[in-house]
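This report is meant for a reader who is meeting the structure for the first time. It takes up the core, then the contact between chains, then one residue.

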Amino acid sequence: MSEDLSYYGIAADWWPFAFILLAGWLPTDIWRTLGVLSSGKLDEHSPVAAISRTVATALVSAVIGQLVFYPTGSLADIPAIVRIGAMAAGFGVYLGVGRRILAGIAAAELVIFGWIAFSLWA
Amino acid sequence: MRTDGPPDRRGLYWFAQGAKGLMTPPAFILFSAFVGIAGLSREAGLTWIEAAFMTATIWALPAQIILVGASVAGTSLLATAFAVLLSSVRLMPMVVALMPELRGPRTRTPTLLFLSHFVAITGWVFAMERLTDVPRAYRTTYFAGFAVPLTVLNTILVAVVFNLMDNLPALATGALAFLTPVYFFCSLYGSARELSGRIALFSGMAVLPIAHALAPGFEILVAGLLGGAGAYFAGRIAEGRRLR
């Protein structure tokens, strides 16, 4: 069983929940708890704090990149050029209209739904 | 009503004041992000109960998308936990910064530990902006009025949206799942305090194809560590130049 401890590695109903708690809840709430217990003792300007912020950002951007460049499921049915175009349109509009996230999301979805409409029609 | 009346009614008043924040644009933006999470979880083959459970227990979107990504990639428990650990580090300085604002004269530590679970970007920004206008004795109540219902509502939203998607064509669920990357790219860009944070947004993505080829199964972790460290040093060099 130590062979494959992945999300679908153990075929038991409880396993996904154990996985979520051990790999999701525990490593997240531990920081919240440490934050409460150590408040007033941590310097957020220290290099360690600064580098942990950039690593956290890069981790999430890598996940974003995976969704855009190497998606699975029905995201993969959307051609790469449409995914990249939607991402670029979303970010471009977000910057263009004074950093409004909802406008960026709307622009990206417009590109995707535009492609869906086009492919149904063509 | 604000200053007189029995203490329990004043508590209710401040709880309701906090809950009013649920009708503001940041809350709506978060709802749209969780619509994306519902789509993403469904794509990954999770059940709606798992998706809702994850939302309530983790309550941190980056950690959730890493976990969903890991389920698809077949990443091991330890590697997933490590990636989530790294992605959630940011919560510690956020909680540290929030505590002096939140703590009242008679606030007990267990109360703060409970409330800390509901600290994520949206609730944190809301609290840091508005707590100064709330009497100290009612700040935990005010924060609870916003943050706890926000988590509960999003958990319900994930469950409902997930099940509604059964009736949607596959392409439409793909389009909804695409909400997540756009939301994150824009919100991380907007909330980056330093230049290095914005560089990390691009470097993490740029390193991904290399990590994908060299370390399949660990690409997120590798791209995060290399991209993040690179962004930190690039940011330092750039800011050093500006100072000179």
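## The nonpolar core

In this predicted model, the largest nonpolar core has 115 residues, and the residues with the most contacts inside it are L59(A), A108(A) and I66(B). Helix 2 of chain A gives the largest share of this core, 11 residues.

I66(B), one of the residues just named, is in contact with L59(A) and V63(A) and also with A83(B), V84(B), S87(B) and I220(B), when its neighbours within four places in sequence are left aside.

## The contact between chains A and B

The contact takes 69 residues from chain A, while 85 residues come from chain B. On the side of chain A that touches chain B, at least two residues are supplied by each of helix 1 (15-37), helix 2, helix 3 (80-96) and helix 4 (101-121) of chain A. The largest share of that side, 21 residues, comes from helix 2 of chain A.

Sorted by class, the side of chain A that touches chain B has 44 nonpolar residues, together with 18 polar and 7 charged residues.

## A residue of helix 2

T54(A) is found in helix 2 of chain A, which covers residues 47-69. Is T54(A) buried or exposed? T54(A) is buried, because 29 other C-beta atoms lie within 10 Å, and the cut-off for a buried residue is 20 or more.

Not counting residues up to four places away in sequence, T54(A) touches S196(B), G197(B), A200(B), G228(B), A231(B) and Y232(B).

Key: Residues numbered from 1 in each chain as written. Chains lettered and ligands numbered in written order. Predicted model: local features only at pLDDT ≥ 70, side-chain atom pairs only at ≥ 80, totals over all residues. Helix = DSSP H or I, 4+ residues; strand = E, 2+ residues; numbered from the N terminus. Buried ≥ 20, exposed ≤ 12 C-beta atoms within 10 Å, placed from the backbone. Contact = placed C-beta atoms within 7 Å. Core = buried A, V, L, I, M, F, W, Y, C linked by C-beta atoms within 7 Å. Nonpolar A, V, L, I, M, F, W, Y, C, P; charged D, E, K, R; others polar.
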